[in-house]
Amino acid sequence: MAVDLLLGLQWGDEGKGKIVDVLTTNYNIIARFQGGPNAGHTLVFNGKKHVLHTIPSGIFHDEATNLVGNGVVIDPVIFKKELDKLEEQDIDYRKSLLISRKAHIILPTHRLLDAASEASKGKAKIGSTLKGIGPTYMDKTGRNGIRVGDLELSDWKKRYRALANKHESMIAFYDADVQYDLDELEKEFFEAIEVLKSLKLMDSEEYIYQAQKSGQTILAEGAQGSLLDIDFGTYPFVTSSNTTAAGACTGLGVSPNQIGEVFGIFKAYTTRVGSGPFPTELFDKDGETMAKVGNEFGATTGRARRCGWLDLIALKYACQVNGVTQLMMMKGDVLSGFKTLKVCTAYKYKGDIIHHFPYNIDPENVQPVYTEFNGWAEDLTEMSEASQLPKALNEYIEFLEKELEIPITIVSVGPDRKQTIFRKQLVS
């Protein structure tokens, strides 16, 4: 069986968690393949909101196995807090949650390094979530990291101490005002490590391989968004991992020829958290309305998201890089009430009109060229059938399908898993 992928196509926060939750009934295994607890997947069902940071979004389904893959970096403290919340809801995660031995561990000193590095940048801050993700991936590529499998070795605490000591010398080098009590941080960390060690640790690439051979269905769940990819995003204002389809291969040990459907998730408009260029960003009442109606605040950080019109150039680019086969449009309900909608269909780039995503999209180089559409006034949140969608929304969707040359199979009209409209037959 091929492995299907589910990816965000913008700067994250597209609503991937909800769609994974909706699609989980079609899959035996949900596998997270990159990122760390800087991700926040929000799920709403039965009148309750649930926020996950590292655990795959299929955890609320009894029949699904949930795998944290080798490409993920795990903060044991945050992970334990997630598990505690699942226990409060009587979710038996021990039978369905698997952890790759090759996943790297975020140490307390990684978080401190993150804070020191960001503080030292002054006004040039990247907008890090300060979760230690960047420094952990730096240790991974620098061949210094500690992996989950190391916890099974007798000398793992010696390895920990050597790396933590190195980090402390680096923190001192930054000469930034970072106050901390490492003894207190380590107490919480080592308690959480014991919880992590009690879970099912495994050689996940072999597990995935055997699951494919036996005909099990697998959905790989991405975190963040394609425009935050370390290689193809708006560098340096990106995350530290490959958020695109290629990241699923390296983050799970799946060969490229085993990838099946690639589901691409995007909002009907665009948002961004933190610093970095954003060509269609709005600073007027329309932007304020999007933020208010869409409740645009980060699930992990609570930070307000910047809002703007849909950027079709960036969306085409993300579809191209990922090889998207099906699209899913989120938060169509947020645009209800706008008399006119705009879509960026070209860039004015250094005086020329272009239709591709260039190397640099800073404001001095790029200005958006818009196409306008009629808006709709209908409340979409109670709609359950594609036939109920307003004409103007259908025209908006059909235009996007024509330009992107990819079918939009799902339209989300609210945060609850029930507020999901299947426009076309889902292929998986």
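**Figure 1. The whole chain has 11 helices and 20 strands.** What you're looking at is a predicted model. Its C-alpha atoms fit in a box of roughly 65 × 50 × 40 Å along the principal axes. The radius of gyration is 21 Å, which agrees with the value near 22 Å that a compact globule of 428 residues would have. Of those 428 residues, 56% count as buried. The accessible surface adds up to about 18,600 Å², with 49% of that belonging to carbon and sulfur atoms. Take the contacts between residues at least 6 apart in sequence: 76% of them join residues at least 24 apart. As for charge, the mean positions of the 48 positive and 57 negative charges sit 1 Å apart.

**Figure 2. Helix 10, residues 312-322, is mostly covered.** Eight of the 11 residues here are buried, and they include L312, I313, Y317 and N322. A314, L315, A318 and C319 are on the buried list too. At the N-terminal end, D311 acts as the cap, with a side-chain oxygen 3.1 Å from the backbone nitrogen of I313. Just past the helix comes G323, with a positive phi of about 65°.

**Figure 3. T239 sits in the loop between strand 10 (218-221) and helix 8 (245-252).** Is T239 buried or exposed? With a relative accessible area of 8%, T239 is buried, because buried means under 20%. Setting aside neighbours within four places in sequence, what does T239 touch? The contacts are N38, Q224, L228 and I230. If you want a yardstick, E221 is 18 residues from T239 in sequence and 16 Å away in space, C-alpha to C-alpha.

**Figure 4. A cis peptide bond leads from Y235 to P236.** Omega is near 5° here. P236 belongs to the loop between strand 10 and helix 8, and that's where you'll find T239 as well.

**Figure 5. D13 has a positive phi without being a glycine.** The angle is about 60°. Look for D13 in the loop between strand 1 (3-8) and helix 1 (16-23). The relative accessible area of D13 is 24%, so this residue is partly exposed.

**Figure 6. K331 is another residue other than glycine with a positive phi.** Phi is near 60° for K331, which lies in the loop between strand 15 (326-330) and strand 16 (340-349). How accessible is K331? At 21% relative accessibility, K331 counts as partly exposed.

How values were computed:
Residues are numbered from 1 along each chain as its sequence is written. This is a predicted model: local features need pLDDT of at least 70, side-chain atom pairs count only at pLDDT 80 or more; totals for chains, interfaces and linings use all residues. Side-chain values use heavy atoms; hydrogens and water are left out. Helices (H or I, at least four residues) and strands (E, at least two) are DSSP runs, numbered from the N terminus. Buried means under 20% relative accessible area, exposed over 50%, partly exposed in between (1.4 Å probe, protein chains only). Contact means heavy atoms within 4.5 Å. A polar contact is a pair of N or O atoms within 3.5 Å; within protein, one must be able to donate a hydrogen and the other to accept it, and residues adjacent in sequence count only if both atoms are side-chain atoms. The radius of gyration is taken over C-alpha atoms; the globule rule is 2.2 Å times the number of residues to the power 0.38. Accessible areas come from the Shrake-Rupley method with a 1.4 Å probe; for residues, only the protein chains shown count as cover. Lys and Arg count as positive and Asp and Glu as negative; His and the chain ends are not counted. The place of a charge is taken as NZ of Lys, CZ of Arg, CG of Asp or CD of Glu.
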